[in-house]
Amino acid sequence: MDEHGGNIEKALKQYRLVEGGVIEFSANINPLGMPYAVKRALIKAMDSLDRYPECEYLELRKDLAGFYRVKPQNLLVDNGSVSLIHLIPRALGLRSALIPIPAFSEYEKAARLARGEVKFLKPKADLSLDMDNLIKGLKGRDSLYLASPNNPTSLSLEKKDLLMVLRETKNRGVTFILDEVFMEFSDSPRKNSLIQEAVQSRNLIILRSMTKFFALAGLRLGAAIAHPKMIARLKKYQPPWPVNSLAAAAAREFLKDKKYIRDSYKLIQEEKEFLYSELSVFKALKVWRPAANFILCQIIPPPLTPPARGGKLRDVLAVKGILIRDCSNFRGLDGSFFRVAVRSRKENLKLLSALKEVLG
């Protein structure tokens, strides 16, 4: 199976689907897509593709700094947040990571590729983070990977708990990598973030992404937010021109579009609550209340017919043109778990209708 969601090309071939007839619930991307103004900016940027991007990305960093309310020297841009996840352990020489599970698989992969070893922290029965065990687990570790909201659970941590983790990691000399790439989809993006703490702390790195909220999955753009000295250290290990000119142009245009930002926030909050409420009605499902723009579900006993379990459910829905994320390859989860993105009302209703046919 695919390590990540969003592989539409493979699904089209595997299930013999027509591209226009597929609804993508396996990748957590803003359903509003790309507005015309951004497409126009991309067309204009194509005229300068014979030139290298501006190596320091000064204008892009200024615009991002305004959006995140930090200074440009607190930002490092890259080809998506995944590139930054892989850059950090290599640049900082991290060798012993603590990763609460279930979690995004690239944390583990990045740690191991940097010749590090990984200790996994099991969650509570409800998949929430065990804070006491987390603090104990920091002993002997040099890095902690944590996400809020978390992928795939869509659970977030209270700011007071994050601040406690920050204090503990600082006292123990642990680098705290906090993945906030889904923060823009949460109920209170600015209130729950540790961005302002990151610009002052020497051990905290915040990860953000424009791939999700600004629908730039194909162009790739992510940012690390940290103390200027941390940013400078990471930059030494980054290859030149990590962000292409088209991604930079699209991002700058997106950041100007305040209406798109407001409309996106409103749509996600409304549809997130609607889809969660409707999924919770299914007796065959256990559904986790989401903080982000995706919802984790589990098929629960009594045992269902074979087509309705794990990867089989993905196959049954895929032939109907609906792609969901089978979560069996997340550490700590099995084939009874799946994840669905929050999309438009029309698309969400199609998902619910298809699930009703399969699950009853």
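Where is A215 found? In this predicted model, A215 is found in the loop that runs between β7 (204-209) and β8 (222-225). Its backbone is a bit unusual in sign: phi of A215 is near 50°, a positive value in a residue other than glycine. As for exposure, A215 has 15% relative accessibility and therefore counts as buried, the cut-off being under 20%.

The two strands on either side of that loop pair up with each other. Four bridges join β7 to β8, and the two run antiparallel. Within this pairing, R208 stands opposite A223 of β8. Helix α7 packs on the sheet too, where it touches β5, β6 and β7; the direction of α7 makes about 155° with that of β6.

Zooming out, β7 and β8 belong to an open sheet of seven strands. Reading across, the order is β2-β8-β7-β6-β5-β3-β4, and the pairing is mixed. Why do β2 (75-78) and β4 each have one side left without a neighbour in the sheet? Both stand at the edges with a single partner strand each, so one side of β2 and one side of β4 go unpaired. From one strand to the next, the twist averages 20°.

At the β4 end of the order, the pairing is parallel: five bridges join strand β3 (residues 96-100) to strand β4 (residues 117-121). One of the bridge pairs puts L98 with K119 in β4. To get from β3 to β4, the chain goes through helix α5 (residues 105-113), and the resulting β-α-β crossover is right-handed.

Another helix that lies across the sheet is α4 (residues 81-92). Helix α4 spans β2, β5, β6 (175-179), β7 and β8, and runs at about 160° to β7.

The loop between β5 (143-147) and α7 (159-172) is where several backbone oddities turn up, P149 being one of the residues placed there. The peptide bond joining S148 and P149 is cis, with omega at about -5°. P152 sits in the loop between β5 and α7 as well, and the bond leading into P152 from N151 is again cis, this time with omega near 25°. S154 is likewise placed between β5 and α7. For S154 the point of interest is phi, which is near 65°, a positive value in a residue other than glycine. What is the relative accessibility of S154, and does that make the residue buried or exposed? The value is 0%, so S154 counts as buried.

That leaves a helix pair. Two packed helices are described by the angle between their axes and the distance between the axes. For helix α3 (residues 58-68) and helix α11 (residues 245-256), the angle is about 35° and the axes are 10 Å apart. The crossing of α3 past α11 is left-handed. On the α3 side, the contact is made by E59, L60, D63, L64 and F67, while α11 contributes A248, A251, R252 and L255. Sorted by character, the residues of this contact come out as six nonpolar and three charged, with no polar ones.

Methods:
Residues numbered from 1 in each chain as written. Predicted model: local features only at pLDDT ≥ 70, side-chain atom pairs only at ≥ 80, totals over all residues. Heavy atoms only, no water. Axes fitted to C-alpha atoms, helices over the stretch in contact; angles between N-to-C directions. Left-handed = near helix turned anticlockwise from the far one by under 90°. Contact = heavy atoms within 4.5 Å. Nonpolar A, V, L, I, M, F, W, Y, C, P; charged D, E, K, R; others polar. Buried < 20%, exposed > 50% of the residue type's maximum accessible area, 1.4 Å probe, protein only. Pairing = 2+ DSSP bridges. Right-handed = clockwise from strand over helix to strand, strands pointing away.
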